[in-house]
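Trainee: Got a minute to walk me through this one? I want to start with how the chains sit together.

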Protein chains: 2
Amino acid sequence: MSKPEHVVDAMIAACNRKDIDAVLACFAEDVHYHNIPMDPVSGHAGVRAMLEPFFKIASEVDWVVHKSVSNGLDTVMNERTDRFLMPDGWVDLPVMGVFEVNGGKITAWRDYFDMAPVVPLLNQL
Amino acid sequence: MSKPEHVVDAMIAACNRKDIDAVLACFAEDVHYHNIPMDPVSGHAGVRAMLEPFFKIASEVDWVVHKSVSNGLDTVMNERTDRFLMPDGWVDLPVMGVFEVNGGKITAWRDYFDMAPVVPLLNQL
């Protein structure tokens, strides 16, 4: 069984390749994904609907993990800068996330961030 | 030497008693404290200037830690709801924080949250 932090790191590496199938493979079918200032989504369809528009409009995705802590069992938290190369240049979003991992799959993901710098990005999707 | 998670939990317990001196005792003299959507502050004076106005206007402070993960050495991350009983009622702020702890004192604290629900609270200070 993969360590939970390896599952999370694999998911982020897949985001950085904009490989949505590899991203989804890291999630349980019934995952709950909540960008806290936005409405939660669930399931692979929910994760795809949230991430794929960013992968399509950003010519590069570079999520940088500054720190990551795991309890070694089922919980990983990380501090990141989620970077997107948009038509007008790089957008850097400071984020913290918590991931619940069970059976080698991410079952819950909650990201905490300020919405203000995200809005102009959403307006380009 | 206290475990890093105990130092963080003691700091939050002191916040919940609105005991600013006990709060400051958990921090290194040269602490860096950054509420990410706001300007960073530093030192005991910076922490006091940030927290004391909330302690004064909120009749109760109740920061609820939902999950906490430590690397056992120098880093603690937690997922919280920071609750303040304001004149108009409870305000609940979803937050994630990362704490760097060295020598039994918090040397860095960064909190990630959406600014929008904080603004009406700041306007009451």
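Mentor: We'll take the pair of chains, then a few local spots.
Mentor: This is a predicted model, where local features need pLDDT of at least 70, side-chain atom pairs count only at pLDDT 80 or more, and totals for chains, interfaces and linings use all residues. Residues are numbered from 1 along each chain as its sequence is written, while chains are lettered from A and ligands numbered from 1 in the order in which they are written.

Trainee: What rotation puts chain B on chain A?
Mentor: A rotation of 180°, with 0.0 Å of shift along its axis, and the RMSD is 0.0 Å. That is the relation of a two-fold axis. The fit is by least squares on the C-alpha atoms of residues with pLDDT of at least 70 in both copies.

Trainee: Which C-alpha of chain B is nearest the axis?
Mentor: That of D114(B), 1.9 Å from the axis.

Trainee: And how many residues does each chain give to the contact?
Mentor: Chain B gives 18 residues and chain A gives 18 residues. Contact here means C-beta atoms, placed from the backbone, within 7 Å.

Trainee: Which elements of chain B give two or more residues to that side?
Mentor: Strand 3 (60–70), strand 4 (75–86) and strand 5 (89–102). Strand 5 of chain B gives the most, with four residues. Strands are DSSP runs of E, at least two residues; helices are runs of H or I, at least four; both are numbered from the N terminus.

Trainee: What's the chemistry on that side of chain B?
Mentor: Twelve nonpolar, three polar and three charged residues. Ala, Val, Leu, Ile, Met, Phe, Trp, Tyr, Cys and Pro count as nonpolar, Asp, Glu, Lys and Arg as charged, and the others, Gly among them, as polar.

Trainee: Let's stay with strand 5. Is V98(B) buried or exposed?
Mentor: V98(B) is in strand 5 of chain B. It is buried because 23 other C-beta atoms lie within 10 Å. The cut-offs are 20 or more for buried, 12 or fewer for exposed, and partly exposed in between, with C-beta atoms placed from the backbone.

Trainee: What is V98(B) in contact with?
Mentor: Leaving aside neighbours within four places in sequence, its contacts are K67(A), E79(A), M96(A), T75(B), M77(B) and R110(B). Take M77(B): it is 21 residues from V98(B) in sequence, but their C-alpha atoms are 4.4 Å apart.

Trainee: New topic. How far does helix 1 of chain B reach?
Mentor: It has 13 residues and reaches 19 Å from first C-alpha to last, close to the 18 Å expected. The expected span is 1.5 Å times one less than the number of residues.

Trainee: Which residues in helix 1 of chain B are buried?
Mentor: P4(B), E5(B), V7(B), V8(B), M11(B), I12(B) and C15(B). They cover an arc of only 160° around the axis, so they are on the same side of the helix. The arc uses directions from the helix axis to the C-beta atoms.

Trainee: What do those buried residues pack against?
Mentor: Helix 2, helix 3 (43–57), strand 3, strand 4, strand 5 and strand 6 (105–112) of chain B.

Trainee: And which residue with a positive phi follows the helix?
Mentor: K18(B), with phi near 55°. K18(B) is in the loop between helix 1 (4–16) and helix 2 (20–24) of chain B. It is partly exposed, with 17 other C-beta atoms within 10 Å.

Conventions
Two residues are in contact if their C-beta atoms, placed from the backbone, lie within 7 Å.
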